[in-house]
Amino acid sequence: MVSLRISPRTAALLAGTLLLGLPGCASLGYYWQSVSGHLQLINAARPVDDWLQDSETPEKLKTRLALSQKIRRFAVSELQLPDNASYQRYADLRRKAVVWNVSAAPEFSLALHTWCFPVTGCVGYKGFFEEAEARAEAKKLGAEGLEVSVYGVPAYSTLGWMNWAGGDPLLNTFIGYPEGELARLIFHELAHQVVYATDDMDFNESFATAVERLGSTRWLSQHGSPAARKEYELYSERRLQFRTLTLGLRRELSEIYKQNTASALDRRAQVAMKNVAMQAFHARYAELKAAWDGYAGYDRWVASTNNASLGALAAYDEMVPGFEALFVREGKDWRRFYAAVKRLTTLPKQERHALLHTFMANQNKETPDG
């Protein structure tokens, strides 16, 4: 157990703040792992300037930290993202992920099982600072008949609630990302501090994804080297191809699941159709990967594809085109864009979703050639 170097008063304030964001039905054990995990993260973080001035900091890390601060300043000056304590400190957690999320979904549905939090609302995942605890939760959910997905997360947002305690730090889990990907992540997490709609994971993640895409493209066009832009273009092309592939599978499975009934015969037919769809997906992925010069970044995800992983992925891209169309509608002005998105949060969930799809449809009519 790491010895914490924060005052009892700060620890109490932090615990109280975090407990507000935990499920009301969660056990005290889950409460404690969330509080203690975040306390250890805060304890490990030091100001970036300290790392830069430390003679023991590797030069490669110094270069990445210096780049992160340029990206951070760009986020404020060019993208009008919050100017606060977040991403001005760095922590080496000495592990591959900051948290492990667990998602779950029924056998014949892409709708995620949700956990509800007093502050953040209902979301389609439950996070753990220890991978073993995440997998134990997944095993329990699997025993209930749900399909489960456990995945490591490189960063998470405290929605600005923890800026009084130093904000969300840069982490070893993502500081080594390629330049464009590092910018994407920082912009994405800061976007959560601008707009957040309670009980609407798809809206929140799609909005942050739109900001990261638009912002990273602007960053690279103004500051990226030719090599960084080329690398980002390759990543983006593969990401788009993969998301198109998974979107096709989601649509195919959705049609199969619409036929769900209590009949055992119908269930056997659905299982068979689902298996065929999954097999075809794996075959199409193999064909796609063959053109990627050995890139295998999606292999692990594909190997464990199920309703839970597909449902979690959908949250990050389902409504992105709608947000991008809204950005254009607002004259590509960031302040106007954020204000428009905030107005959407005042509407009922179904109404705001419908409007975003309308924005996307209208944008496609105006630019039929893409």
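A residue counts as buried when its relative accessible area is under 20%. Keep that cut-off in mind as you walk through this predicted model.

**Stop 1: the whole protein**

Start with everything shown. The protein has 14 helices and eight strands. Of its 370 residues, 48% count as buried. Its accessible surface comes to about 18100 Å², and carbon and sulfur atoms make up 54% of that. Now think about contacts between residues with a separation of 6 or more: 74% of them join residues 24 or more positions apart.

**Stop 2: Asn101**

Select residues 99-105, which form strand E3, and pick out Asn101 within that strand. Is Asn101 buried or exposed? Its relative accessibility is 8%, and the cut-off for buried is under 20%, so Asn101 counts as buried. Next, show what touches Asn101. Setting aside neighbours within four places in sequence, its contacts are Tyr125, Lys126, Gly127, Ser149, Val150, Tyr151 and Val153.

**Stop 3: Lys126 and Glu137**

Stay with Lys126, one of the contacts of Asn101. Side chains of opposite charge can pair when their charged atoms come close. Lys126 makes a salt bridge with Glu137, with 3.8 Å between the closest N and O atoms. This pair links strand E6 (residues 126-128), home of Lys126, to helix H5 (residues 131-143), home of Glu137; the two are eleven residues apart. Both Lys126 and Glu137 are buried.

**Stop 4: Asp200 and Arg352**

The structure holds 19 salt bridges, so there are others to visit. Select Asp200 and Arg352, whose side chains meet in a salt bridge at 2.6 Å, N to O. Asp200 sits in the loop between helix H6 (179-191) and helix H7 (201-223), while Arg352 belongs to helix H14 (residues 349-366), 152 residues apart. Asp200 and Arg352 are buried.

**Stop 5: Glu255 and Lys258**

Here is another salt bridge: Glu255 pairs with Lys258, and their closest N and O atoms are 3.0 Å apart. How exposed is each partner? Glu255 has a relative accessible area of 45%, which means partly exposed. Lys258, with 63%, is exposed. Before moving on, highlight Glu181, Arg184, Glu212 and Arg239, which are joined into one network by salt bridges that share partners.

**Stop 6: a space inside**

Finish with the one cavity of 30 Å³ or more that the structure holds. About 60 Å³ of space lies in this cavity. Which residues line the cavity? Select His38, Leu41, Tyr87, Ala155, Tyr156, Asp168, Pro169, Leu171 and Phe174. By class, seven of the lining residues are nonpolar, one is polar and one is charged.

Technical notes: Residues numbered from 1 in each chain as written. Predicted model: local features only at pLDDT ≥ 70, side-chain atom pairs only at ≥ 80, totals over all residues. Heavy atoms only, no water. Helix = DSSP H or I, 4+ residues; strand = E, 2+ residues; numbered from the N terminus. Buried < 20%, exposed > 50% of the residue type's maximum accessible area, 1.4 Å probe, protein only. Contact = heavy atoms within 4.5 Å. Areas by Shrake-Rupley, 256 points an atom, 1.4 Å probe, with all protein chains shown as cover. 1 Å grid on protein atoms, 1.4 Å probe; cavity = no way out; pocket = protein on both sides within 12 Å on 5 of 7 lines; lining within 4 Å. Points joined across faces, edges and corners; volume = space filled by probe spheres on them. Nonpolar A, V, L, I, M, F, W, Y, C, P; charged D, E, K, R; others polar. Salt bridge = Lys/Arg side-chain N within 4 Å of Asp/Glu carboxyl O.
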